[in-house]
Amino acid sequence: MNETEVEGVAIAILIAADEETIVGWVYRWNTGALAIRWDMHGPQRVSRIYPDLSDADKAEIDFASLTQLNCRYD
């Protein structure tokens, strides 16, 4: 990463409620912050993260609320 620019790298994928579809990615920025990038369908329910993240990282992206979102499979 270039230290003079804000850059992010994908560290995990978000798996949908159907347990197979990738619906987003978790990025870690060189600032230390985490952010989610959703696929073209936008935010939807997540069943798990791969690879699994630490409890602190899950709290930062509010994983608990991601498991409660509406999804395109309902």
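A residue is taken as buried when its relative accessible area is under 20%, as exposed when that area is over 50%, and as partly exposed in between. In the predicted model analysed here, Asp57 has a relative accessible area of 15% and is therefore buried. This acidic residue is situated in helix H1, and, apart from residues up to four places away in sequence, Asp57 touches Arg28 and Leu34.

The contact between Asp57 and Arg28 is also a salt bridge, in which the closest N and O atoms are 2.9 Å apart. Because Asp57 belongs to helix H1, which spans residues 55-60, and Arg28 to strand E2, the pair ties together parts of the chain that are 29 residues apart in sequence. Arg28 has a relative accessibility of 28% and so counts as partly exposed, whereas its partner Asp57, at 15%, counts as buried.

In total, 3 salt bridges are found in a search of the whole structure. Another of them joins Glu19 to Arg48, with a separation of 3.2 Å between the closest N and O atoms. Glu19 is located in the loop between E1 and E2, and Arg48 in strand E4, so this pair likewise ties together parts that are 29 residues apart in sequence. Both members are partly exposed: the relative accessible area is 43% for Glu19 and 35% for Arg48. A further salt bridge is formed by Asp52 and Lys58, whose closest N and O atoms are 2.8 Å apart. Asp52 is exposed, its relative accessible area being 55%.

Lys58 takes part in a second kind of arrangement as well, since its charged end sits over the ring of Phe63 at 5.6 Å from the ring centre, where the cut-off is 6 Å. A comparable placement is seen for Arg37, which lies over the face of Trp25 at a distance of 6.0 Å from the ring centre. As for pairs formed between aromatic rings themselves, the count comes to 1.

Attention now turns to the nonpolar interior. In soluble globular proteins, nonpolar side chains tend to be buried together. The largest nonpolar core of the model comprises 13 residues, and those with the most contacts inside this core are Leu14, Val26, Val46, Ile49 and Ile61. At least two core residues are supplied by each of strands E1 (8-16), E2 (22-29), E3 (34-38) and E4 (46-50), and by helix H2 (63-66). Strand E1 gives the most, with 3 residues.

The surroundings of Val26 were examined individually. With residues up to four places away in sequence not counted, Val26 touches Val9, Ala10, Ile11, Ala12 and Leu14, together with Leu34, Ala35, Leu53 and Ile61. Leu14 and Ile61, both in contact with Val26, are themselves among the residues with the most contacts inside the largest core.

Trp38, in strand E3, was considered in the same manner. The C-alpha atoms of Trp38 and Val23 are separated by 6.0 Å, although these residues are 15 residues apart along the chain. When neighbours within four places in sequence are left aside, Trp38 is in contact with Leu14, Val23, Gly24 and Trp25, and also with Pro43, Gln44, Val46, Leu66 and Leu69. Among these partners, Trp25 is the residue whose face is covered by Arg37, while Leu14 and Val46 belong to the set with the most contacts inside the core.

Conventions
Residues are numbered from 1 along each chain as its sequence is written. This is a predicted model: local features need pLDDT of at least 70, side-chain atom pairs count only at pLDDT 80 or more; totals for chains, interfaces and linings use all residues. Side-chain values use heavy atoms; hydrogens and water are left out. Rings of Phe, Tyr and Trp (its six-membered ring) pair if their centres lie within 6.5 Å; planes under 30 degrees apart count as stacked, over 60 as edge-to-face and the rest as tilted. A charge sits over a ring if NZ of Lys or CZ of Arg is within 6 Å of the ring centre and within 35 degrees of the ring normal. A nonpolar core is a set of buried Ala, Val, Leu, Ile, Met, Phe, Trp, Tyr and Cys residues joined through side-chain atoms within 4.5 Å. Buried means under 20% relative accessible area, exposed over 50%, partly exposed in between (1.4 Å probe, protein chains only). Helices (H or I, at least four residues) and strands (E, at least two) are DSSP runs, numbered from the N terminus. Contact means heavy atoms within 4.5 Å. A salt bridge is a side-chain nitrogen of Lys or Arg within 4 Å of a carboxyl oxygen of Asp or Glu.
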